[in-house]
Amino acid sequence: MWRSRMVDGEQEVVYVTLGGDVLKKGGRAFRAATADQKYLKAQGISSRPANSSIEVPEEIEPYASRCGEDALELAYWCVPESVEACYRDAGIRRLRQWQADCLSSPEVLSGKSLIYVAPTSAGKSLVSEVLMLRQLLFRGRRALVILPYVSICEERVSQLRGSFGACGLRVEGLYSSSDGKWHTGADVAVCTIEKASALLNRLLEDDSLLRDVGVVVVDEMHLLGEEHRGYLLELILIKARLSANMSAASAQGLQIIGLSATIPNVQLLADWLDAKLYVCHERPVPLTMSVASKKAQTPRDPDGLVPLVEECARAGQSVLIFCATKDWCEKAATLLAEELWEKCREGVMDEVRASRIRLLEELKQAPAGLCPILANTVPSGLAYHHAGLTVEERHLLEAAYRKGVLCCLCATSTLAAGVNLPARRVIIRSLKVGAEALDATRFRQMAGRAGRVGLDTKGECILMTRSAKDTEEAHALLSAQLQPLKSSLTSQRLVRAVLETVALGLVRSVEDLEGRFARSLLRFFEEKPAGSEETWCCGPEDVPESLLKDIREALAYLKAQKLVRVDEAKEMGDSDGPLHFGSPQGASPSASPSKKSNVALMATPLGDGVVHSALRPTEALSVFEDLQRARQGLCLDSDLHLIFLVTPAASIEPDWSRYITYYEKLQPRDRAVANAVGVSPDFLLKQVTAH
Ligand SMILES: Nc1ncnc2c1ncn2[C@@H]1O[C@H](COP(=O)(O)OP(=O)(O)OP(=O)(O)O)[C@@H](O)[C@H]1O
């Protein structure tokens with residue numbers, strides 16, 4: 001394929017050969033392109049999009065002569081030589097046995113969805129990368145990678161650029177301040193959940209989802225059950241699959257690859273996505289877990305943290321300490337630096353010492369300047385790490401820890417869920433995370449950081465306790481199972497799902513909503529009666545009553561808020577009705593459609609606006625109400641009204657008695673603005689009484 005890419009700010013045209021080598025535009029590239037095309041034509045593969053995919057790359061040169069018989073070789077899976085070399089540089093020479101077993105399904109290699117489960121640090125990313133490469137190189141499709149946090153997105157972008165870049169593939173990160181546009185030249189988009197949802201809506205509007213995207217990779221898929229963001233992840237997959245089933249391109253299909261932690265009902269995910277399930281329990285570096293209860297220690301170190309760190313410091317091993325709060329992190333780093341100052345320096349190579357001094361200089365140059373705590377701790381190879389640090393500071397400290405310049409980080413739980421920074425020993429100092437109790441999911445994430453692949457022969461996790469009750473709870477945590485996955489797409493979240501699917505034209509009638517849409521929900525698979533039909537083409541028969549009731553309520557709400565219109569007069573005919581899937585294109589639906597419920601559903605302009613805003617319907621309606629009020633009279637006497645209008649909608653609950661104190665101090669003109677936007681004395685009184 002010919003590609004255009006930016007190199008040092010200059011546009012450069014390159015040819016990527018069949019074998020994945022990148023050649024600059026010129027005589028050699030043209031000769032290679034002609035030879036490749038001739039060869040592919042002889043194999044019956046034309047350059048027309050409909051016939052251009054290489055279904056069995058193992059039969060095509062140069063892969064045919066490279067792939068051999070050994071499934072642990074990257075070449076066996078048709079990874080181009082150039083990419084293989086990059087993996088080798090990163091320490092990946094051969095696949096692990098479980099990785100090869102997981103890939104070894106012919107159905108998955110030809111595009112069936114896959115859910116796989118493996119312990120932390122098992123090397124889950126590599127499996128998804130091999131499958132992505134097949135879609136990108138041999139089918140000419142694009143890949144969407146969805147990750148839960150910005151920090152992991154950054155890490156994955158640089159890792160994928162390192163490996164995929166070698167064969168001319170371009171990787172784009174869509175998170176934080178990115179404009180969220182997937183530029184045409186980029187083959188892979190790496191996004192957070194929120195950006196992925198907005199991006200998908202845009203792709204669906206352009207009708208380019210199925211034409212372009214061949215694979216969606218979802219990391220940490222068990223987050224689907226998470227209350228605040230999980231529903232958005234479910235909605236992304238619902239929209240993608242509804243679209244895949246509607247498109248004429250569905251023959252090519254959309255492959256969903258989900259990486260999940262061990263949850264008791266992981267089979268549910270596979271059933272829902274009609275995916276193959278692979279489960280591996282092996283950890284490349286064995287993990288031991290223990291509880292350390294408080295012993296009589298020094299007044300400065302009542303928990304006995306210092307000896308646990310000292311043991312590793314003396315052996316030159318790295319330690320991660322998880323603390324409940326930011327304050328604890330800073331205090332722990334200070335305490336350890338003071339207590340271990342001399343010991344931490346013994347045996348430290350001059351080179352490391354010089355690197356620590358350089359790190360201090362770099363921190364000094366960072367926009368926030370050098371924090372006095374870090375100034376004290378870094379020379380001993382210690383630092384704290386929490387959300388109070390700036391992005392630059394965090395990057396500097398993470399890089400230093402990775403290189404071994406720092407040997408101990410005192411961090412909050414966000415580090416466990418974010419970047420990949422393993423340690424020989426993980427110490428969890430409390431059974432609390434902030435004010436909340438430490439649950440099994442977070443505990444596993446933290447413990448999973450123990451043991452660095454290739455560097456350690458084992459990993460250790462020590463859970464510190466302060467009382468007999470704590471010790472009992474800690475032992476329970478060691479053996480605790482994660483909670484079974486349960487859909488969080490309920491009430492107002494279900495309202496959003498109905499609105500988005502209707503506005504995007506993925507659901508076009510009440511029958512469609514109660515049939516195909518209902519069957520695309522994870523809840524349908526949680527609640528469906530045994531033996532019920534699983535095909536998408538059925539109507540509401542078999543859909544559990546409670547689910548139908550909730551969907552009808554969501555629709556009633558949307559109608560009442562004038563976000564969706566139900567056009568009773570317009571019955572959906574065969575030409576404009578929902579496509580019926582699971583049956584050949586154009587074949588009549590197997591379930592006889594009830595004409596009565598086959599009435600058209602469409603979003604109103606306000607409904608479309610709500611979807612475009614990417615806000616929750618309730619938030620968007622409240623913004624709309626504010627804007628309508630502002631249209632009747634915008635108060636420019638002071639800045640308050642404008643500030644109110646541009647403040648992002650957020651569901652925060654203020655301290656109402658403090659709020660009243662501020663309200664009482666407002667100038668009369670500002671108070672008039674407050675009254676005009678609905679913050680009246682009556683309203684405030686009600687809030688104080690209610691809370
Ligand atoms: N076959 C392999 N040979 C050597 N190293 C490997 C192999 N596969 C993966 N790795 C390395 O193992 C480390 C962990 O891999 P990865 O981040 O994919 O793990 P993971 O299973 O996604 O873990 P987590 O759940 O913690 O994110 C990485 O440094 C990766 O380069």
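A residue is counted as buried when its relative accessible area is under 20%. In this predicted model, Ser-128 has a relative accessible area of 0% and is therefore buried. Ser-128 belongs to helix α6, which comprises residues 124-138. Apart from residues up to four places away in sequence, Ser-128 touches Tyr-116, Val-217, Ile-257 and Leu-259. Across the protein, which has 691 residues, buried residues make up 50%.

The secondary structure consists of 29 helices and 20 strands. The accessible surface of the protein amounts to about 32500 Å², and 52% of it is supplied by carbon and sulfur atoms. Of the contacts between residues at least 6 apart in sequence, 70% join residues at least 24 apart. One contact between side chains was examined at Glu-155, a residue of helix α7 (residues 150-164). The side chains of Glu-155 and Arg-402 are joined by a polar contact of 2.7 Å. When neighbours within four places in sequence are left aside, Glu-155 is in contact with Arg-402 and also with Val-419 and Asn-420.

The ligand is surrounded by 15 residues. Arg-94, Gln-99, Ser-121, Lys-124 and Ser-125 are the closest of these. Classified by residue type, the shell around the ligand contains 7 polar, 4 charged and 4 nonpolar residues. Polar atoms of both backbone and side chain approach oxygen atoms of the ligand, as the following distances show. For Gly-123, a polar backbone atom lies 3.0 Å from an oxygen atom of the ligand. For Lys-124, the corresponding distance from a polar backbone atom to an oxygen atom of the ligand is 2.9 Å. In the case of Ser-125, an N or O atom of the side chain is 2.8 Å from an oxygen atom of the ligand. On its own the ligand has 630 Å² of accessible area, of which the protein covers 77%.

Strands β2 (residues 10-16) and β3 (residues 22-24) pair in the antiparallel sense, with 3 bridges. Within this pairing, Val-14 stands opposite Lys-24 of β3. The two strands, β2 and β3, form a hairpin in which 5 residues lie between them. Gly-20, located in the turn, has a positive phi of about 90°.

Backbone geometry was also examined in several loops. The peptide bond from Glu-61 to Pro-62 is cis, and its omega is near 5°. Pro-62 is placed in the loop between α1 (27-42) and α2 (63-66). Two residues that are not glycine have a positive phi, namely Asp-274 at about 50° and Ala-614 at about 60°. Asp-274 is found in the loop that runs between α11 (266-273) and β10 (276-279). The loop containing Ala-614 lies between α24 (605-613) and α25 (617-632). Because the range for partly exposed residues falls between the buried limit of under 20% and the exposed limit of over 50%, Ala-614 counts as partly exposed at 40% relative accessibility.

How values were computed: Residues numbered from 1 in each chain as written. Predicted model: local features only at pLDDT ≥ 70, side-chain atom pairs only at ≥ 80, totals over all residues. Heavy atoms only, no water. Near = heavy atom within 4 Å. Polar contact = N/O pair within 3.5 Å; in protein donor to acceptor, adjacent residues only side chain to side chain. Areas by Shrake-Rupley, 256 points an atom, 1.4 Å probe, with all protein chains shown as cover. Nonpolar A, V, L, I, M, F, W, Y, C, P; charged D, E, K, R; others polar. Pairing = 2+ DSSP bridges. Helix = DSSP H or I, 4+ residues; strand = E, 2+ residues; numbered from the N terminus. Buried < 20%, exposed > 50% of the residue type's maximum accessible area, 1.4 Å probe, protein only. Contact = heavy atoms within 4.5 Å.
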